[in-house]
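This briefing introduces one structure to a reader who has not met it before. Please look over the sequence and the model shown below, then read the points that follow, which are grouped by topic.

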Amino acid sequence: MFRHCQCYDGQRKGGGFMKKIQKVAYISMMVLVLLMPVLVLAALPNPEPPLTGGAVTLAEIEARITQIARFLIVIGVVLAVIFIIWGGIAYMFAGGDEGKTESAKARITNGIIGAAVVLAVGVILQTVAGLIARSFFNV
């Protein structure tokens with residue numbers, strides 16, 4: 001019945017056409033990746049870097065460090081609270097199983113340790129930001 005393909009246990013082997021399409025797609029993507037620098041440089045006849053803008057001050061650096069630190073602290077504390085809540089729920093549903101109880105206790109402990117580490121890192125980053133801007137020692 002299927003003379004053009006080899007059969008295994010009465011089933012037809014397929015995938016020849018899809019393999020060809022995948023090979024053509026792979027080769028096309030590789031060619032595009034290799035030609036991308038040439039195509040990008042062809043778009044700009046005279047590329048010039050922007051020369052506008054002022055110098056970056058220490059106050060701007062401090063503000064950026066503070067902004068990033070606060071964002072990361074909030075994300076870290078939220079994740080720590082999620083772990084603590086997850087551990088509490090797992091502890092409630094442990095049902096007397098010793099392994100599940102120990103796992104839940106470990107999750108709660110790790111959440112508390114994570115929150116403490118995040119808050120300690122926040123204090124360190126705030127101190128470093130203050131030292132960079134020289135406002136820490138009121139100089």
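**Briefing on the predicted model**

Leaving out residues up to four places away in sequence, Ala94 touches Lys100 and Thr101. The model described here is a predicted one. Its protein chain contains three helices and two strands, and the elements follow the order β-β-α-α-α from the N terminus on.

**The chain as a whole**

- The protein chain has 139 residues, and buried residues make up 12% of them.
- About 11800 Å² of the protein chain is exposed, and carbon and sulfur atoms supply 70% of that area.
- Contacts between residues at least 6 apart in sequence include many that span long stretches: 58% of them join residues at least 24 apart.

**The loop between helix 2 and helix 3**

- Ala94 is located in the loop that lies between helix 2 and helix 3.
- With a relative accessible area of 7%, Ala94 is buried, because the limit for a buried residue is under 20%.
- The C-alpha atoms of Ala94 and Ala104 are 8.0 Å apart in space, while the two residues are 10 apart in sequence.
- Thr101, one of the residues that Ala94 touches, has its place in helix 3, which covers residues 98–132.
- Thr101 is buried as well, its relative accessible area being 13%.
- When neighbours within four places in sequence are set aside, the contacts of Thr101 are Tyr91, Ala94 and Gly96.

**Ala80 and Ala63 in helix 2**

- Ala80 belongs to helix 2 and is buried, with a relative accessible area of 6%.
- Setting aside neighbours within four places in sequence, Ala80 is in contact with Gly111, Gly114 and Ala115.
- Of these partners, Ala115 is 35 residues from Ala80 in sequence, yet the C-alpha atoms of the two are 5.3 Å apart in space.
- Ala63 also lies in helix 2, but this residue counts as partly exposed, at 46% relative accessibility.
- Between the C-alpha atoms of Ala63 and Gly130 the separation is 9.9 Å, although their positions lie 67 residues apart along the chain when counted from one to the other.

**A nonpolar patch on the surface**

- A nonpolar patch on the surface is formed by Ile68, Phe71, Leu72, Val74, Ile75, Val78, Leu79 and Ile82.
- Together, the residues of this patch have about 740 Å² of accessible area.
- Leu72, one of the patch residues, lies in helix 2, which runs over residues 58–92.

**Aromatic rings and a charge**

- How many aromatic pairs does the model contain? The count comes to one aromatic pair.
- The pair consists of Phe83 and Trp86, whose ring centres are 5.6 Å apart and whose planes meet at 55°, so the pair is tilted.
- A pair of aromatic rings is described by the distance of the centres and the angle of the planes.
- Phe83 and Trp86 are three residues apart in helix 2, so about one helical turn separates them.
- Phe83 counts as partly exposed, at 38% relative accessibility.
- Trp86 likewise counts as partly exposed, with a relative accessibility of 46%.
- Which residue has its charged end over the ring of Trp86? The residue is Arg107, whose charged end sits 4.1 Å from the centre of that ring.

Terms used
Residues numbered from 1 in each chain as written. Predicted model: local features only at pLDDT ≥ 70, side-chain atom pairs only at ≥ 80, totals over all residues. Heavy atoms only, no water. Helix = DSSP H or I, 4+ residues; strand = E, 2+ residues; numbered from the N terminus. Buried < 20%, exposed > 50% of the residue type's maximum accessible area, 1.4 Å probe, protein only. Contact = heavy atoms within 4.5 Å. Areas by Shrake-Rupley, 256 points an atom, 1.4 Å probe, with all protein chains shown as cover. Patch = residues over 30% accessible without salt bridge, like charges linked within 9 Å, V, L, I, M, F, W, Y side chains within 5 Å. Salt bridge = Lys/Arg side-chain N within 4 Å of Asp/Glu carboxyl O. Phe/Tyr/Trp six-rings, centres within 6.5 Å; stacked < 30°, edge-to-face > 60°. Lys NZ or Arg CZ within 6 Å of the ring centre and 35° of its normal.
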